[in-house]
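Biologist: I'd like a close look at one part of this model, please. Let me put it up before I say where to start.

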Amino acid sequence: MTREQLDSLAAEFRYVVTDAICRSGVGHIGGVMSLVEIVITLYFRIMKAKPEDPNWPDRDRLVLSKGHAGPIVYTALAYKGYFPKAWLTTINKNGTRLPSHMDQILTPGVEITAGSLGQGLSCACGLALAAKHDGKTHRVFCIIGDGESDEGQIWEAALFAGHNRLDNLIVICDYNKMQIDGRTEEIMNLEPLADKWRAFGWETFEMDGHDWDAIYDTIQKADAVAGRPAMIVAHTVKGKGNRETEGL
């Protein structure tokens, strides 16, 4: 895809998600918008998948630990052909198959049910360890939030992955520097965030989470890491692309 095509797709995704959340009256626009470029890059440029066969054993897996950002993943799944785009108009509504937090039973293409923050990385570690034991070569991607990085379970999982040298695991932290109660640095300062992950035995990178080339190149570098898991600290803007929410 050309840069123009990627920009156009990102704009369309932002419109679709904003429209769906506003119509339902429920949702987290800010934490969804900060992930648009990252999710598009994963689904349209990086990950191996077969939408016609969501349970294909050799597919790459994506675990969205910050499950409240589910609408952006739903949009990517619909545009990839996992289910009809018409479903997107039902996001967060009663009876939907696209609930506020992702559900692996309801939604084709969703690997892990999300809800309680901090648990997704542990699930991703389990998927990566199982792949190692089974001799599989697929990759496990996991997206975590900076707000949920206050959770102790994130750091227990980080220690586990480093100890077990899970080099088939690539984690991206959506570092938009805001959480529900305010700025992350004021609620629970994470800095020096990259150095913390290095101390837990991870190969660690940083990138601009809205720059197409930076995202693609950094994920490729992370994929080439051997002998340890990879963390990508993605510097993003909460609410990116929405005049009413950007940076708020």
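In the loop between which helices does Pro192 lie? Start there, then walk me over to helix H3 and what packs on it.

Modeller: Sure, bearing in mind that this is a predicted model. Pro192 lies in the loop between helix H7, residues 184–187, and helix H8, residues 193–199. What makes that spot worth a look is the backbone: the peptide bond running from Glu191 to Pro192 is cis, its omega being near 0 degrees. While we're on backbone oddities, Asn92 has a phi near 70 degrees, which is a positive value in a residue other than glycine. You'll find Asn92 in the loop between H4 and helix H5, the latter covering 120–134.

Now for H3, which covers residues 36–46 and packs with helix H4, residues 70–80. The angle is about 35 degrees and the axes are 10 Å apart, with a right-handed crossing. On the H3 side the contact uses Val36, Val39, Tyr43 and Phe44, while H4 brings Ile72, Val73, Ala76, Leu77, Tyr79 and Lys80. Sorted by class, that contact has nine nonpolar residues, one charged residue and no polar ones.

H3 also packs with helix H9, residues 212–223, and here again the axes are 10 Å apart. The angle is about 60 degrees this time; since roughly perpendicular begins at 65, H3 and H9 are therefore oblique to each other. The H3–H9 crossing is right-handed too. Here H3 offers Glu37, Ile38, Ile40, Thr41, Leu42, Arg45 and Ile46, and they meet Trp212, Ile215, Tyr216, Ile219 and Gln220 of H9. By class, the contact of H3 with H9 divides into eight nonpolar, two polar and two charged residues.

Keep Tyr43 in view, because the cavities come next. There are two cavities of 30 Å³ or more. The largest has a volume of about 70 Å³, and Tyr43 lines it along with Met47, Ala49, Pro54, Arg59, Asp60, Leu62, Tyr82, Gly109 and Glu111. Six of those lining residues are nonpolar, one is polar and three are charged. The second largest cavity comes to about 50 Å³. Tyr43 lines that one as well, together with Leu62, Leu64, Val73, Met102, Gly109, Val110, Glu111 and Ile112. Its lining has seven nonpolar residues, one polar and one charged. Val73, by the way, is one of the H4 residues in the contact with H3.

Last stop is the largest pocket, with about 440 Å³ of space. It is lined by 20 residues, and those nearest its centre are His28, His68, Gln179, Ile180 and Lys238. Helix H2 (29–33) and strand E4 (178–179) each supply at least two of the lining residues, and H2 has the largest share, at three. The class split for this pocket is five nonpolar, 10 polar and five charged.

Notes. Residues are numbered from 1 along each chain as its sequence is written. This is a predicted model: local features need pLDDT of at least 70, side-chain atom pairs count only at pLDDT 80 or more; totals for chains, interfaces and linings use all residues. Side-chain values use heavy atoms; hydrogens and water are left out. Axes are lines fitted to C-alpha atoms, for helices over the stretch in contact, and angles run from 0 to 180 degrees between N-to-C directions. Helices (H or I, at least four residues) and strands (E, at least two) are DSSP runs, numbered from the N terminus. A crossing is left-handed if the near helix is turned anticlockwise from the far one by less than a right angle, and right-handed if clockwise. Contact means heavy atoms within 4.5 Å. Ala, Val, Leu, Ile, Met, Phe, Trp, Tyr, Cys and Pro count as nonpolar, Asp, Glu, Lys and Arg as charged, and the others, Gly among them, as polar. On a 1 Å grid over the protein atoms alone, a cavity is a set of points where a 1.4 Å probe fits but cannot get out, and a pocket is an open set with protein on both sides within 12 Å along at least five of seven lines; lining residues have an atom within 4 Å of a point. Grid points are joined across faces, edges and corners, and a volume is the space filled by probe spheres set on the points. Angles under 35 degrees count as roughly parallel, over 145 as roughly antiparallel, 65 to 115 as roughly perpendicular and the rest as oblique.
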